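Hi everyone, thanks for making time for this. I'd like to walk you through one chain, and please look along with me as we go.

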Amino acid sequence: MQAVIEKIKAAKSAAVFPHINEDPDALGSCFAFCKMMRKMGKEATMYVSGKIESRLAFIGSDYVIYHDGIEHNHDLCVCLDCGDIERLSERKKMFDQIQNSVNIDHHMTNTDFADANYVDGSAAATGQILSELFDKMGEAIDRDIAKDLYTAICSDTGCFKYSNVSPKTMRIAADLLEYDFDHAEVARLLFDSESINAVKLKAEVTEGLREYAGGRIKLVLADEKIGEKYGMSKEDIPNLVEIPRRIAGTEIAVCIKRMDDGVRLNLRSNGEADVSKVAQKFGGGGHVKAAGATLHVDTLDEAEKVVIEECIKALEEIK
Ligand SMILES: [Mn+2]
């Protein structure tokens, strides 16, 4: 962590990058980091890969949507919650232009792609690592930063219900609650404020749910064009892998989604299976219980066949 801290302290102006398909951990962490840099008298700008899911607008809007040819004078690039450099997508160009880089993350498959890397696979969220980092740096947070970090941790722990929650996660969250923001509102906006169209879209996807290995594997398929039917832009399509994950008996939940630029695989494990290994077979990565990859296949049927084969192997390994 010391090498990362030194680079942050030496920097004058940071470009701060969440991973593509920005989630609340990535966003909350980046907003918190930018606010901390400014508190320290430095400059910081957050660059996102594209339009952010509209239900996440409550987290913040102080960012720039990256486009080619952006002018900047940053001396440090800070990648947060980003497991590998491909997850920067187009922003890789900017990463290459900036002389110094740090990578702070909790994906155990992280490739240590920056000049200084701090990866803690045991942390529930990148927000949790930042809480520790700011503490180690001797920098006090404020109410806004506490809320951003709490949002990050609350999201990646499924509101403190996943197995990634440790006593340390709870202690850090408890310290953040001391800053007296409306944590119940954060949880409600993250978990209990779905649009009616999202609910209807999920009903249609649920109709097509398939079961394998006696129901231990459950899978949903979707084409991101389904969003149009329900008046939703593609980034607003809900997290469909949650549909099979929340059903009794599911050990591996699978979502295969056709997107403009390929086929995306999302995996969740409710039991002993290590889905990060499944994702790695397809060039992806993630955590033991939540992972993903981009599939290089022509059809969703083909994707389903190869993914189910690997999921069955993952189940066999735990017998
Ligand atoms: Mn995360």
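Let's begin with a sheet. What is the strand order here? This open sheet of 6 strands reads E3-E2-E1-E4-E5-E6, and its pairing is parallel. Strand E3, residues 64-65, and strand E6, residues 116-119, sit at the edges with a single partner strand each, so one side of each has no neighbour in the sheet. Do keep in mind that this is a predicted model.

Moving inward, have a look at strand E4, residues 76-80, and strand E5, residues 101-105: they pair in the parallel sense over 4 bridges. If you'd like a residue to click on, take Val78, whose bridge partner in E5 is Val102.

Now to the helix that I'd like you to follow for a while, H4. This helix lies across E4, E5 and E6, and runs at about 115° to E5. H4 also packs with helix H5, residues 143-156, at an angle of about 145°, the two axes being 8 Å apart. Which residues make that contact? From H4 we have Gly127, Gln128, Leu130, Ser131 and Phe134, and from H5 there are Ile145, Leu149, Ala152 and Ile153. By type, the contact of H4 with H5 has 6 nonpolar residues, 3 polar ones and no charged ones.

H4 turns up again at a pocket. The second largest pocket has a volume of about 290 Å³. Its lining consists of 13 residues, and those nearest the centre are Ser131, Glu132, Asp135, Ile172 and Asp175. You may recall Ser131 from the contact with H5. Which helices each supply at least two residues of this lining? They are H4, spanning 126-137, and H6, spanning 167-177. The largest share comes from H4, with 5 residues. As for character, the lining of this pocket divides into 7 nonpolar, 1 polar and 5 charged residues.

Let's zoom out to the domains. The domain assignment gives domain 1 as 2-191 and domain 2 as 196-317. Their C-alpha centres are 26 Å apart, and the contact takes 13 residues from domain 1 and 13 residues from domain 2.

On to another sheet. Here 6 strands form an open sheet in the order E7-E8-E9-E10-E12-E11, and this time the pairing is mixed. Strand E7, residues 210-212, and strand E11, residues 285-286, are the edge strands; each has a single partner strand, so one side of each is left without a neighbour in the sheet. Within the sheet, strand E9, residues 252-259, and strand E10, residues 262-269, run antiparallel and are joined by 8 bridges. One pair to look up is Lys257 and its bridge partner in E10, Arg264. What packs on this sheet? Helix H12, residues 300-317, does, touching E7, E8 (217-223), E9, E10 and E12 (290-295), and its direction makes about 160° with that of E9.

That's my tour, so over to you for questions!

Technical notes: Residues are numbered from 1 along each chain as its sequence is written. This is a predicted model: local features need pLDDT of at least 70, side-chain atom pairs count only at pLDDT 80 or more; totals for chains, interfaces and linings use all residues. Side-chain values use heavy atoms; hydrogens and water are left out. On a 1 Å grid over the protein atoms alone, a cavity is a set of points where a 1.4 Å probe fits but cannot get out, and a pocket is an open set with protein on both sides within 12 Å along at least five of seven lines; lining residues have an atom within 4 Å of a point. Grid points are joined across faces, edges and corners, and a volume is the space filled by probe spheres set on the points. Ala, Val, Leu, Ile, Met, Phe, Trp, Tyr, Cys and Pro count as nonpolar, Asp, Glu, Lys and Arg as charged, and the others, Gly among them, as polar. Two strands pair if DSSP finds at least two bridges between them. Contact means heavy atoms within 4.5 Å. Axes are lines fitted to C-alpha atoms, for helices over the stretch in contact, and angles run from 0 to 180 degrees between N-to-C directions. Domain bounds come from an automatic or database domain assignment.
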